[in-house]
Amino acid sequence: MEAATTIQTVLFWTFSVLGLAGAVGLLFNRNAVYAALSLVLNFFSIAGLYLSLGAEFLAAVQILVYAGAIMVLFLFVIMLLNMQEEKGVFTFDIRRGAAFILGFAFVAEMMVVLKGFWNHEAGGEFTYGKVEPIGRALLTDYLFPFEMISIVLIAALIGAILVARRHTHQEG
Amino acid sequence: MELYSQILLIFPVLLVLITLAAYGSYAERRVAAAFQQRVGPNRVGPFGLLQPLADVLKLMIKEDVTPANADKLLHFLSPIISVATAMIMFGVIPLAKFGDSFLVISDVNIGILYLLGVTSVSVYGITLAGWASNGKYSLLGGLRASAQMISYELPLGLAVVSVIILTNARMPMGSDFLSVTSIVEAQRGAWNLFINPLGFIIFYICVLAESARTPFDLVEAEQELVGGFHTEYSSLKFGMFMVVEFLHLVIPPAIITTVFLGGYLGPFEGALGVAQWGNTAQILWGLGWFLTKTFTIAFTFMWIRWTLPRFKYNQLMDLGWKRLLPLALINLVVVAIGAAIYVFQTAG
């Protein structure tokens with residue numbers, strides 16, 4: 001038991017530091033490809049944190065969806081655009097200020113919402129990240145929001161196709 | 001104790017994988033020669049069996065060139081990412097069963113998702129190699145790779161979901177239906193190939209596409225792109241991409257074997273009483289069947305490579321999005337209904 005908690009502490013600190021490094025790298029890298037790769041590092045670290053909490057399903061989905069699909073698409077677009085290094089100077093205007101305030105408000109809100117989960121013992125019973133509880137929750141208690149999200153996603157997809165289509169019609 | 005035996009298993013498995021990859025190159029060239037009525041490599045050692053060693057030696061003494069405008073770090077890292085992502089896939093594939101335990105490096109309870117995840121991450125190696133080389137042929141190869149992998153991941157994932165549904169229906173309640181060992185165990189009696197043939201075809205095509213083998217090898221189409229994503233690579237870095245290419249002759253067939261051909265399961269296991277045999281006999285039996293099936297699938301990979309011409313890019317996208325994806329969706333619904341009927345019948 002003692003050894004298990006030590007390993008978990010080591011894992012926690014490793015993945016936390018790596019995850020934060022990834023997040024900072026995303027924000028401060030001038031090169032878009034490196035910024036995207038920093039985000040991939042961050043996703044992997046968070047997956048590692050999930051794993052060390054026993055939430056294997058969440059970890060796998062994190063890698064599969066974010067690192068494997070979304071970030072590959074991001075890289076694809078970055079490469080297609082052949083972006084140069086960002087040379088802009090950091091300025092502080094009203095929009096940035098508003099973004100900062102909203103960002104802090106969002107973090108504060110998250111902290112309030114997640115307060116109940118705060119004092120969770122690492123390595124204790126952590127069951128809500130496994131397949132069964134997630135599946136059960138999605139198909140019973142949260143069935144309606146779940147289906148609504150699907151509809152919103154489909155609408156977004158169809159909208160994207162429509163926008164892309166109209167564009168080609170005008171050209172040709 | 002469990003942990004140490006797993007770690008001990010890693011090294012022999014890696015050694016065997018590297019050897020198989022090396023002899024994959026030999027087999028590929030001999031088989032290609034046979035298809036084209038040539039002899040193939042037969043000069044180095046008896047039957048040319050030392051040819052892979054000679055190839056590696058040749059690559060090792062070549063000069064390692066990095067293009068002047070390349071991104072040095074990523075140019076260095078991407079072959080490593082490629083080899084690593086190809087190799088770690090083998091970690092969850094069970095090679096044999098003895099008593100109640102499995103010969104597997106790690107029987108993760110989300111094993112099949114792990115396989116899908118590593119597959120989707122493996123594209124980084126190729127894409128980054130293409131971008132970091134800073135050349136137009138490389139970049140085009142890398143772009144093609146990422147578009148192709150993302151397109152074929154969808155039908156691949158749907159085919160896997162149909163297998164997961166079948167596994168869940170055939171295994172006792174409460175077992176880990178996402179682990180690779182239960183996917184194999186559920187195939188006792190009838191392989192998924194026979195229950196879910198359409199799923200098998202979709203899965204096979206998608207695996208072929210994900211490993212970028214002919215007819216899906218647009219990422220390195222030599223007539224258009226020189227060498228594709230590895231145009232600017234030389235020496236052992238190029239060698240690492242070659243290792244990946246020939247690992248793709250071992251690992252994807254092993255995955256197909258595991259998911260659809262019953263993995264280590266042999267025929268007539270019940271009649272022969274395999275479960276009562278000694279551990280060594282059981283391991284040899286399982287390993288033997290696993291390797292036989294894997295090599296058979298690998299041979300079909302080579303067969304296809306030397307029979308079919310390469311797709312055009314629009315044909316590739318057509319096949320993925322307009323044919324395989326709808327087919328996979330229909331197959332998923334049919335399998336789900338069938339599994340539901342099966343479960344109701346056995347329960348009631």
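**Exercise 1.** What percentage of the 348 residues of chain B count as buried?

*Solution.* The model is a predicted one. A residue is buried when its relative accessible area is under 20%. Of the 348 residues of chain B, 53% count as buried.

**Exercise 2.** Determine which radius of gyration a compact globule of 348 residues would have, and set the value for chain B against it.

*Solution.* For 348 residues, the radius of gyration of a compact globule would be near 20 Å. Chain B has 21 Å, which agrees. The C-alpha atoms of chain B fill a box of roughly 70 × 45 × 45 Å along the principal axes.

**Exercise 3.** Classify the aromatic pair of A:Phe43 and A:Tyr66, and state the burial of each residue.

*Solution.* The structure holds 16 aromatic pairs over all chains. In the pair of A:Phe43 and A:Tyr66, the centres are 5.1 Å apart and the planes are at 35°, and the pair is tilted. A:Phe43 belongs to helix 2 (residues 32-52) of chain A and A:Tyr66 to helix 3 (residues 56-81) of chain A, 23 residues apart. With 12% relative accessibility, A:Phe43 counts as buried; with 38%, A:Tyr66 counts as partly exposed.

**Exercise 4.** Classify the pair of B:Phe102 and B:Tyr264, and locate both residues.

*Solution.* The ring centres of B:Phe102 and B:Tyr264 are 6.3 Å apart and the planes are at 50°, so the pair is tilted. B:Phe102 lies in strand 2 (residues 101-103) of chain B, and B:Tyr264 in the loop between helix 12 (251-260) and helix 13 (269-272) of chain B, so the pair ties together parts 162 residues apart in sequence. B:Phe102 is partly exposed at 21% relative accessible area, whereas B:Tyr264 is buried at 2%.

Conventions. Residues numbered from 1 in each chain as written. Chains lettered and ligands numbered in written order. Predicted model: local features only at pLDDT ≥ 70, side-chain atom pairs only at ≥ 80, totals over all residues. Heavy atoms only, no water. Rg over C-alpha atoms; globule rule 2.2 N^0.38 Å. Buried < 20%, exposed > 50% of the residue type's maximum accessible area, 1.4 Å probe, protein only. Phe/Tyr/Trp six-rings, centres within 6.5 Å; stacked < 30°, edge-to-face > 60°. Helix = DSSP H or I, 4+ residues; strand = E, 2+ residues; numbered from the N terminus.
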